[in-house]
Amino acid sequence: MNYHPTSRNRFIGLALAAALGATASLTGCQEVNQPTTTLTQAQWKEVKAQLLDEAPDPQYPIGAQFDDKIELIGFDIDAPLVAGKPATFTWYWKALKDIDDNWKVFVHFDSSEESYRQNLDHHPLGGLYQTGRWKEGQIIKDVQKVTISADFPNGQASPYIGFFKGDQRLPIKNSVKKTQDRRVIGPAVKVQNTNRKPKAAGGPLPNYVVTQVEDKALESLKIDGKLDEAFWSEVKPLSLQPLGNSPDLKSEVRVVRGPDYLLIGATLPDEHVWSKLDKRDADTWTEEVFEVYIDSNRDGKNYLELQINPLGTIFDAKFDERLGRGKGTRDEQINRARSWNMKDLETAVWVDGTINDDSDKDTKWSVEIKMPFTSIPGIDGAPSDGTQWATNFYRYDRPSDKATHTSAWSKPTSGTFHQVERFGTLKFGVPAPVRVPTKQLKLRQLKPATRENAPLKINPEQLQLLQKTGKAVKAE
């Protein structure tokens, strides 16, 4: 789930250009040398020219309030934005009170087409007028001249905006589009790059045939997380692939179907199993977690997200619209989705080791899920043969507070786990038999019927015995 962008950046592994063409890392906001604090008369004159008497009417209005300190009224861009060419972003800030400390602006300019970011962090007015100088009621016109990276993808892009100081970020107080890590989501703008070929769409999507388990084999089923029923070992697993620089943890998932429910079993190797959140629908994606997504129509509407952490805590959510495209802010969309609970859901977790104990070495944890078909959004009964669902499985492994290992069955090409078009496919029903083309068939010459090659004649009792025991019977 894409609610913790700091950890997402660890697996995206992007290279990006900074505002004036310098190379910068994506793992966080970038610090620069503190600007001069004593201004010349010419510099003060330049600053005063950017203090507005009236609120502007920006091309892109936002109205975001950072704590009780600063309002982002909006911004202008000299269009068009062209990769490799100079551009000017003009930010309009308002001081809501006298500010006595210096906060730096961060701008993550992210492509909507590919996993690519250009970092536009800066101090307002080129460092001449840091926030520590701002007085209540002042409106600051912050002109930022940049060069759009020559590698920036062609298409839509959005700025993610905030203020930071060291490891702190100013909270966003009002209802605007924002992320949970305190970034305002700006409107999408167009970037032109006709010289850059688009990256491949991520390769073919994986598919998995769901095994039908006989009712008799399910009689011993106990949802305890151990996956020790005989049928689990007979089912071919699908593997979760590491994202970015994450190691391959050999995580496996198996999916089978009963008469009216779906069974999912996950085996997750882990040397340190931990979790703290124990309330249903908590922010489980901030810890170690296993995630399931199901969109029966692959349209980003009315789809399921299910998460389970090592304590067995459940986060279940139904998204009417793909996250980021629904009504309200991102947080409002998440909260609306998690207010829904799946009916008759059964889950269990088993830990091979000791959870939340740093003194020993664990082996793995496993998850067992039983969900009725009718409880899955968009599903009204058991799927018929040939039915296909867009599905994905993800895992967060966090061996320490600072390290995050992410893996997925079908790798996304953007920084969101809700990229439905990149989900794999669950297939229900027996695969069609392989048929040899007619032109490859060789007709054999039939021999005249003799006693030796004549067809066997089997009476009904002999046929029943053959079907039951598999033993040969004497021909009549």
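Let's start with Asp-110, which is buried in this predicted model: its relative accessible area is 14%. Buried here means under 20%, so Asp-110 falls within that group. Who is its partner? The side chain of Asp-110 meets that of Arg-117 in a salt bridge, with 2.6 Å from N to O. And Arg-117 counts as buried too, at 4% relative accessibility.

Now, if you follow me to another pair, take a look at Asp-181 and Arg-169. These residues form a salt bridge as well, and their closest N and O atoms are 3.2 Å apart. Where do the two sit? Asp-181 is in the loop between strand S13 (178–179) and strand S14 (183–185), while Arg-169 belongs to strand S12 (residues 168–169), so this salt bridge ties together parts that are 12 residues apart in sequence. Are these two buried or exposed? Asp-181 has 15% relative accessibility and counts as buried. Arg-169, at 19%, counts as buried as well; remember that the cut-off is under 20%, so 19% still qualifies.

The third pair is Asp-270 with Arg-395. Their side chains meet in a salt bridge at 3.6 Å, N to O. This one links distant parts of the chain, 125 residues apart. On one side we have Asp-270, in the loop between strand S20 (261–269) and strand S21 (289–295); on the other is Arg-395, in strand S26 (residues 388–397). Asp-270 is buried at 5% relative accessibility, and Arg-395 is buried with a relative accessible area of 1%. Let me go back to the second pair for a moment, as there is a third residue to add: salt bridges that share partners join Arg-169, Asp-181 and Arg-183 into one network.

How many salt bridges are there in total? The count comes to 17, so please treat my pairs as a few examples from that set.

Let's step back and look at the whole chain. You will find five helices and 28 strands in it. The chain has 476 residues, and 49% of them count as buried. What about contacts? Among those between residues at least 6 apart in sequence, 69% join residues at least 24 apart. Finally, the outside: the chain exposes about 24,600 Å², and carbon and sulfur atoms supply 48% of that area.

If you want one place to begin on your own screen, try Asp-270 and Arg-395, and trace how that salt bridge links distant parts of the chain. Thanks, everyone!

Definitions and conventions. Residues are numbered from 1 along each chain as its sequence is written. This is a predicted model: local features need pLDDT of at least 70, side-chain atom pairs count only at pLDDT 80 or more; totals for chains, interfaces and linings use all residues. Side-chain values use heavy atoms; hydrogens and water are left out. Helices (H or I, at least four residues) and strands (E, at least two) are DSSP runs, numbered from the N terminus. Buried means under 20% relative accessible area, exposed over 50%, partly exposed in between (1.4 Å probe, protein chains only). Contact means heavy atoms within 4.5 Å. Accessible areas come from the Shrake-Rupley method with a 1.4 Å probe; for residues, only the protein chains shown count as cover. A salt bridge is a side-chain nitrogen of Lys or Arg within 4 Å of a carboxyl oxygen of Asp or Glu.
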